Amino acid sequence: MFAVRVASAVLFGFVGVVALMMAWRGLTANSLLPFHQAATGRTWTGLSSGAQSVATALTRSLGLGFLVAGLALLAASVTAVAHQDVATYSLAAIGLVFCAGLALINRGLHLATSTGNPVEGLPVRRGGDRRGGWSVQHRLSNKGAVGIVRSVPQKASTPVRASLSSTAVPI
């Protein structure tokens, strides 16, 4: 039984190290990876500066996903031969690494593109407000701007579905 646990720990550890190598490649990328460039049929210099910023952020987010997967696999390899508390505490820390990493990547994208407040446009619902809530308004433009607008008041019993307009649409 112990040999099976050791074998699974070694397998988890090996795959975790491979994931960490992929994470390093994605997190340190300053452009699209070569096979991504080949898939798009465009070189890095052929992209606009905004597209370069978004592509870099997405590549780093991919690397962050590999980092989290690698850390989780390494935690699983330790848990296979150690106590389960390792998994309990390490998974919370890995979740924190992921959230902090995404915040840093998005902050870097925000600074690189100067697009205003990065949380603008998040759907917000004020609790207990029977006069109507807030909805997200999408404007179709070159910048893809998103804003928060006041929705039309609805009766509390009327179900509402989301729409791309500034008013809520009854079902």
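Among contacts in the chain between residues at least 6 apart in sequence, what share joins residues at least 24 apart?

**View 1. The whole chain, a predicted model.** Of the contacts between residues at least 6 apart in sequence, 52% join residues at least 24 apart. The chain holds four helices and four strands. Along the sequence they run α-α-α-α-β-β-β-β. The chain has 171 residues, and buried residues make up 23% of them. Its accessible surface comes to about 11,500 Å². Carbon and sulfur atoms account for 67% of that surface.

**View 2. Confidence along the chain.** The mean pLDDT is 75. A value of 70 or more is reached by 67% of the residues. Confidence is highest in helix α1, at a mean of 92. Confidence is lowest in strand β1, residues 134-138, at a mean of 45. Over residues 128-152, pLDDT stays under 50. For this stretch the model has 54 contacts beyond four places in sequence.

**View 3. A nonpolar patch on the surface.** Seven names make up the patch: Leu11, Phe14, Val15, Val17, Val18, Met21 and Met22. Together they have about 650 Å² of accessible area. Two members are picked out here, Leu11 and Val15. Val15 is found in helix α1, which covers residues 2-27. Its relative accessibility is 39%, so Val15 counts as partly exposed. The range for that class lies between 20% and 50%.

**View 4. Leu11 and Leu73.** Leu11 is found in helix α1. Leu11 is exposed because its relative accessible area is 53%, and the cut-off is over 50%. Leu11 also belongs to the nonpolar patch of View 3. Leu73 is 62 residues away from Leu11 along the chain. The C-alpha atoms of the two residues are separated by 9.1 Å.

**View 5. Ser77 in helix α3.** Helix α3 spans residues 49-81, and Ser77 lies in it. Ser77 has 10% relative accessibility, so it counts as buried. The cut-off for buried is under 20%. Which backbone oxygen does the side chain of Ser77 reach? The side chain reaches that of Leu74, at 2.7 Å. Leaving aside residues up to four places away in sequence, Ser77 touches Ala9, Phe12 and Gly13.

Note on methods:
Residues numbered from 1 in each chain as written. Predicted model: local features only at pLDDT ≥ 70, side-chain atom pairs only at ≥ 80, totals over all residues. Heavy atoms only, no water. Helix = DSSP H or I, 4+ residues; strand = E, 2+ residues; numbered from the N terminus. Buried < 20%, exposed > 50% of the residue type's maximum accessible area, 1.4 Å probe, protein only. Contact = heavy atoms within 4.5 Å. Areas by Shrake-Rupley, 256 points an atom, 1.4 Å probe, with all protein chains shown as cover. Patch = residues over 30% accessible without salt bridge, like charges linked within 9 Å, V, L, I, M, F, W, Y side chains within 5 Å. Salt bridge = Lys/Arg side-chain N within 4 Å of Asp/Glu carboxyl O. Polar contact = N/O pair within 3.5 Å; in protein donor to acceptor, adjacent residues only side chain to side chain. pLDDT = per-residue confidence, 0-100.
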